Amino acid sequence: MRISVFGSGYVGLVTAAGLADMGHRILCVDIDESRIKRLRAGQVPFFEPGLADLVARNLRGERLRFATELDEEFASADAHFVAVGTPPLADGRADVSAVFAVGHTLAQRVTQEGIVAVKSTVPVGTCDALQRLLDDSCPHRMHVASNPEFLKEGAAVDDFFRPHRVIIGVDDPKTGEAMREMYRPLQLSRERVIVMSRRSSELTKYAANSMLATRISFMNELSRLCDAIGADIHAVRAGIGSDERIGRAFLYAGPGYGGSCFPKDVSALIHLGKEAGVTLGIVEAVAEANEAQRLYVWEKIRSLFADGLQGKTVTVWGLAFKPMTDDVRDAPAGVIVTKLLEAGAIVRAHDPEAADNFAAAYAPANDAISYHVNEYEALDGADALVLMTEWRHFRNPDFGEIKRRMRGRGIVDARGIWTMFGLSQAGFDYRTIGSPAA
Ligand SMILES: NC(=O)c1ccc[n+]([C@@H]2O[C@H](COP(=O)([O-])OP(=O)(O)OC[C@H]3O[C@@H](n4cnc5c(N)ncnc54)[C@H](O)[C@@H]3O)[C@@H](O)[C@H]2O)c1
C-alpha cells in the first residue's frame with residue numbers, strides 16, 4: 001500500500017518506519033523543515049532505541065521518504081495517518097489544531113478516495129468533526145478512522161511490531177476491513193485488532209492512560225501513608241501485585257507520573273467529562289494526587305536543609321520523565337529543578353540522553369545550573385544528591401565514590417531504587433518515598 005504519515009515525532013516516525021518495514025511505501029510529512037532535512041540524511045532527531053536502524057534500513061530500501069508537503073505521488077495514497085502533536089491548552093483541553101491543519105491539507109491535495117487514520121490522541125468527537133470537514137471540503141470521498149497509538153517511548157519500536165492490541169474505530173465496516181488489511185503483517189501470531197466505533201476508540205485511549213495514571217497515583221498516595229505509619233510501599237506492592245486480578249505493572253511509587261501523555265490525557269479526560277456534564281471524580285483525584293506527590297518529593301529535599309537551600313549545591317541524577325527516552329515534557333525533574341533554582345540552590349545535573357532537551361525546556365546552563373556527562377563528576381562538592389529518573393546505570397552505583405565526591409551526605413531517592421543498600425548505616429542522610437530509611 002502507499003501511505004502518508006503526517007508528523008515525524010515519537011509516534012509518526014515510528015509508525016512511518018514501522019509501516020515501511022512491513023513493506024508499505026511511505027511518505028512521512030512534517031512541517032518542521034530542519035527535522036525533515038535531518039531525517040533525509042538518516043538522522044533521527046530524538047533518542048529512541050532501535051529507531052535509527054529502522055529508519056536507515058527503510059531509507060536504503062526506498063520504501064520510506066520524508067517531505068514537508070504531501071507530494072503528487074502520495075496525493076493518491078491509499079491511506080493517510082495523522083500523528084501530529086495534540087498538546088494541552090492552558091485550560092487542560094487538548095489542542096487539536098494540528099489535526100485539523102492536516103485535514104485542510106488533505107482536503108486540498110488528495111487526488112483519490114482514501115482512508116484518514118488518526119493516531120494522535122484526540123478528544124471524543126474529533127474524528128467525527130474531521131469527517132465533516134473532509135465531507136464538506138474535499139472533492140474525494142475520505143473515510144476517517146480512529147487508530148490511537150499505545151506505544152511507549154523507550155520501547156516504541158518493539159511496541160509497534162508487537163502491539164498488545166490495535167484499536168480501530170470506524171463508522172463503516174469497509175474502512176474497518178481496509179485498516180485491518182494494513183495491519184495484517186502484525187497479525188501473524190494472533191489476532192490483535194479490536195474494531196469499535198470512532199467515539200469508543202477515541203475514549204479507549206484516554207481511558208487506558210487514565211487507568212494507568214490511576215494506578216500510579218493510588219500507589220503514590222499509599223506511599224505517603226506508608227511514611228506516616230511505618231509501612232513499606234515495596235512490600236505492599238509485592239503483596240498486591242502478586243494478585244492476578246491486580247497484576248504487577250504500574251504499581252511503582254515515585255515522584256509522580258510525567259511525560260507527554262499521562263498529564264495531558266488525564267486533564268483532557270477531565271475536560272471531556274465536564275463538557276459532557278459528567279463529573280469524573282476519580283480522574284480528578286488522580287491528577288490532584290500527582291501534583292501532591294511532586295510537592296511531597298520537594299518537601300523531602302527541603303527537609304534535608306534545616307537552614308534553607310540558598311547557596312547549597314544539589315546534584316540531580318535523571319532529567320527525562322522516565323529511563324530510555326530523551327523526552328522531558330512534563331518531567332517531574334522539571335518541577336524539582338525549577339524549585340531548587342528558585343530556592344537559590346546550585347544545581348549540578350546529569351542525564352545520559354535528556355540534558356540538552358532539559359536545558360532547552362527548563363533551565364539553560366548558567367552560574368546556577370550545570371550539566372555533566374559523567375554522573376560522578378556531577379557530584380563534586382554536592383550537599384545532596386536527588387535521584388529523579390531510574391536509568392539503569394543508577395541502579396548499583398559506587399556509593400564509596402559518591403561519598404568521596406560529595407561535601408554533604410543527603411540523598412533523596414525519589415524512585416526507591418536504593419532502599420536495599422543500607423545507606424543510613426553507611427553514613428548517608430538517606431530519604432526515600434514510602435519506605436523506612438535503611
Ligand atoms: N509520545 C508518545 O509516547 C505517544 C504515545 C501514544 C500517543 N501519542 C500521541 O500521538 C501524538 C503525537 O505525539 P508525539 O509524541 O509523536 O508528538 P511530537 O511532538 O513528538 O511530534 C509531533 C510532530 O508533528 C509535527 N506537526 C505538527 N503539525 C503538523 C502538520 N500540520 N503537518 C505535519 N506535521 C506536523 C511537528 O512538527 C512534530 O514533529 C499526540 O497526540 C500524542 O498524544 C504519543
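The following legends describe close-up views of a predicted model.

**View 1. The shell of residues around the ligand.** The ligand is surrounded by 26 residues, and those that come nearest include Val 11, Asp 30 and Thr 86, together with Glu 153 and Lys 264. Sorted by class, this shell holds eleven nonpolar, seven polar and eight charged residues. Domain 1 (2-196) and domain 2 (205-283) both contribute residues to the shell, so the ligand lies between these two domains. Among the elements of the structure, α5 gives the most to the shell, with three residues.

**View 2. Contacts of ligand oxygen atoms.** In the side chain of Lys 264, an N or O atom is 2.6 Å from an oxygen atom of the ligand. For Arg 329, the corresponding distance from an N or O atom of the side chain to an oxygen atom of the ligand is 3.0 Å. Thr 121 takes part through its backbone: a polar backbone atom of this residue is 2.9 Å from an oxygen atom of the ligand. Taken alone, the ligand exposes 840 Å², of which the protein buries 87%. Two elements, α1 (10-21) and α5 (97-109), are those that give two or more residues to the shell around the ligand.

**View 3. Two nonpolar cores.** The largest nonpolar core has 55 residues, and the residues with the most contacts inside it are Trp 317, Leu 340, Ile 402 and Trp 418. Domain 2 (205-283) and domain 3 (290-432) each supply at least three residues to this core. A second core, separate from the largest one, has 38 residues, including Phe 46, Val 55, Phe 66 and Val 166. In soluble globular proteins, nonpolar side chains tend to be buried together.

**View 4. The buried residue Asn 147.** Asn 147 is placed in the loop between β6 (142-146) and α7 (156-161). Its relative accessible area is 1%, so Asn 147 counts as buried, the cut-off being under 20%. The side chain of Asn 147 reaches the backbone oxygen of Ile 167 at a distance of 2.9 Å.

**View 5. Two loop residues with positive phi.** Most residues other than glycine have a negative phi. Glu 62, in the loop between α3 (51-60) and β3 (64-67), has a positive phi near 60 degrees. With a relative accessibility of 62%, Glu 62 counts as exposed. Phe 250 lies in the loop between α10 (233-241) and α11 (262-275), and its phi is likewise positive, near 60 degrees. The relative accessibility of Phe 250 is 31%, so this residue counts as partly exposed.

Terms used. Residues numbered from 1 in each chain as written. Predicted model: local features only at pLDDT ≥ 70, side-chain atom pairs only at ≥ 80, totals over all residues. Heavy atoms only, no water. Near = heavy atom within 4 Å. Polar contact = N/O pair within 3.5 Å; in protein donor to acceptor, adjacent residues only side chain to side chain. Areas by Shrake-Rupley, 256 points an atom, 1.4 Å probe, with all protein chains shown as cover. Helix = DSSP H or I, 4+ residues; strand = E, 2+ residues; numbered from the N terminus. Nonpolar A, V, L, I, M, F, W, Y, C, P; charged D, E, K, R; others polar. Domains from an automatic or database assignment. Core = buried A, V, L, I, M, F, W, Y, C linked by side-chain atoms within 4.5 Å. Buried < 20%, exposed > 50% of the residue type's maximum accessible area, 1.4 Å probe, protein only.
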